[in-house]
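Student: Could you walk me through this structure, one question at a time?
Tutor: Gladly. Have a look at it first.

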Amino acid sequence: NAVTSWMGVGPNGKVGQNVLLVTFELDAIKTAMRCLGVVSKDIPLGSIVDNSNIVTERIESLKRNYDGSILINQLPPEQCSVDDIHSIIDNLRKTKGWQPDVVILDYLDLMVSRSKKSNDDSYTRLKSVSSEIRGLAIQEKVLVFTATQTNRDSRDQGENVQLNLSRVSESYGKTFSVDYVVGIAQSPAERSMPIPQWQFQILKNRNGRRGDNITCEINYDTMLVKEINR
């Protein structure tokens, strides 16, 4: 999402967007390496350093074609709220004149609510965090991507993995505020394919169709995901 958003169309038709990627799970270096893997397309993550000249040229080529940039910020898990994201954006705006078009939060479950009372139990905390992320999008005028986990029932379905909004972990309330929900599923058979596949299931869409199922290939060596044209 970070790389494809960077190469998207920004305000007033500008080719390229500014992307703020905040990670609570992986460290900033590993997150950057995954972004490089998507850019490299065919160079495995473990070989990026050995092929740094090729990867650098591909990045420079993208920079010549697209405006904007990707900024990666690492924050401690289960200690930060949307207030910290607002602070980061405000600081970037004041010190660098940089405003994100897209914010990616990796991921929702590792954040806390700005309201201490809402953090007393996981259901209320995660429902509040989801609503606060929506508020972040509106206040900062940005598109926000985040992720959450499914519950145990979703992982025990074997070959027929069908997701729905009730299968999110901890708090069904997480899905109330968001406009668009995509479930990502993979059966053991799909994982063992020569080119592994993921199923993207559109579970919620306020402004369009839902229920569609999109099959994608995943290259675990580069973390590149591509839709299969059928």
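**The sheet and what packs on it**

Tutor: In this predicted model, 4 strands form an open sheet with parallel pairing, in the order 2-1-3-4.

Student: Which strands stand at the edges of the sheet?
Tutor: Look for strands with a single partner strand. Such a strand has one side left without a neighbour in the sheet. The edges are therefore strand 2 (70–74) and strand 4 (143–146).

Student: By how much are neighbouring strands of this sheet turned against each other on average?
Tutor: Ignore direction here. The average turn between neighbouring strands is 15°.

Student: How many bridges pair strand 1 with strand 3?
Tutor: Strand 1 covers residues 19–23, and strand 3 covers residues 102–106. T23 stands opposite D106 in strand 3. The pairing of strand 1 and strand 3 is parallel, and the number of bridges is 5.

Student: Which strands does helix 4 lie across?
Tutor: Take its direction first: helix 4 runs at about 140° to strand 1. Helix 5 can be described in a similar way. Helix 5 lies across strand 3 and strand 4, at about 150° to strand 4. Helix 4 lies across strand 1, strand 2 and strand 3.

**Helix against helix**

Student: At what angle do the axes of helix 4 and helix 5 cross?
Tutor: Helix 4 spans residues 82–96 and helix 5 spans residues 122–140. Their axes come within 10 Å and cross at roughly 20°.

Student: What does that make helix 4 relative to helix 5, parallel or antiparallel?
Tutor: Angles under 35 degrees count as roughly parallel. The crossing is at roughly 20°. So helix 4 is, relative to helix 5, roughly parallel.

Student: Is the crossing of helix 4 and helix 5 right-handed or left-handed?
Tutor: The contact is made by V82, I85, H86, I89 and R93 of helix 4 with E132, I133, L136, Q139 and E140 of helix 5. By class, these are 5 nonpolar, 2 polar and 3 charged residues. The crossing of helix 4 past helix 5 is right-handed.

Student: How do helix 2 and helix 3 stand to each other, parallel or perpendicular?
Tutor: Their axes are 10 Å apart, and the packing angle is about 80°. The range from 65 to 115 degrees counts as roughly perpendicular. Helix 2 is therefore, relative to helix 3, roughly perpendicular.

Student: Which residues of helix 2 meet helix 3?
Tutor: On the helix 3 side, the residues are V55, R58, I59 and L62. The contact of helix 2 with helix 3 has 5 nonpolar, 1 polar and 1 charged residues. The residues from helix 2 are L36, V39 and S40.

**Two residues in their surroundings**

Student: Is I133 buried or exposed?
Tutor: I133 lies in helix 5. Leaving aside neighbours within four places in sequence, it is in contact with V82, L105, L108, M111, V144 and T146. Its relative accessibility is 7%, and under 20% counts as buried. So I133 is buried.

Student: How does L36 count by relative accessibility, buried or partly exposed?
Tutor: L36 is found in helix 2. Not counting residues up to four places away in sequence, L36 touches I48, V55 and I59. Its relative accessibility is 23%, so L36 counts as partly exposed.

**Backbone exceptions**

Student: Which peptide bond is cis?
Tutor: Most peptide bonds are trans. Look at an omega near 5°. Its second residue, Y107, lies in the loop between strand 3 and helix 5. The cis bond runs from D106 to Y107.

Student: What is the phi of K41?
Tutor: Most residues other than glycine have a negative phi. K41 is in the loop between helix 2 (28–40) and helix 3 (52–65), and it is exposed, with a relative accessible area of 57%. K41 is not a glycine, yet its phi is positive, at about 70°.

Student: Where is E78 found?
Tutor: E78 has a positive phi of about 60° although it is not a glycine. At 52% relative accessibility, E78 counts as exposed. Its place is the loop between strand 2 and helix 4.

Student: Which residue in the hairpin of strand 7 and strand 8 takes a positive phi?
Tutor: Strand 7 (residues 213–219) and strand 8 (residues 224–227) run antiparallel, joined by 4 bridges. One bridge pairs E217 with K226 in strand 8. The hairpin has 4 residues between the strands, and the phi near 65° belongs to M223.

Conventions. Residues numbered from 1 in each chain as written. Predicted model: local features only at pLDDT ≥ 70, side-chain atom pairs only at ≥ 80, totals over all residues. Heavy atoms only, no water. Pairing = 2+ DSSP bridges. Helix = DSSP H or I, 4+ residues; strand = E, 2+ residues; numbered from the N terminus. Axes fitted to C-alpha atoms, helices over the stretch in contact; angles between N-to-C directions. Parallel < 35°, antiparallel > 145°, perpendicular 65-115°, else oblique. Left-handed = near helix turned anticlockwise from the far one by under 90°. Contact = heavy atoms within 4.5 Å. Nonpolar A, V, L, I, M, F, W, Y, C, P; charged D, E, K, R; others polar. Buried < 20%, exposed > 50% of the residue type's maximum accessible area, 1.4 Å probe, protein only.
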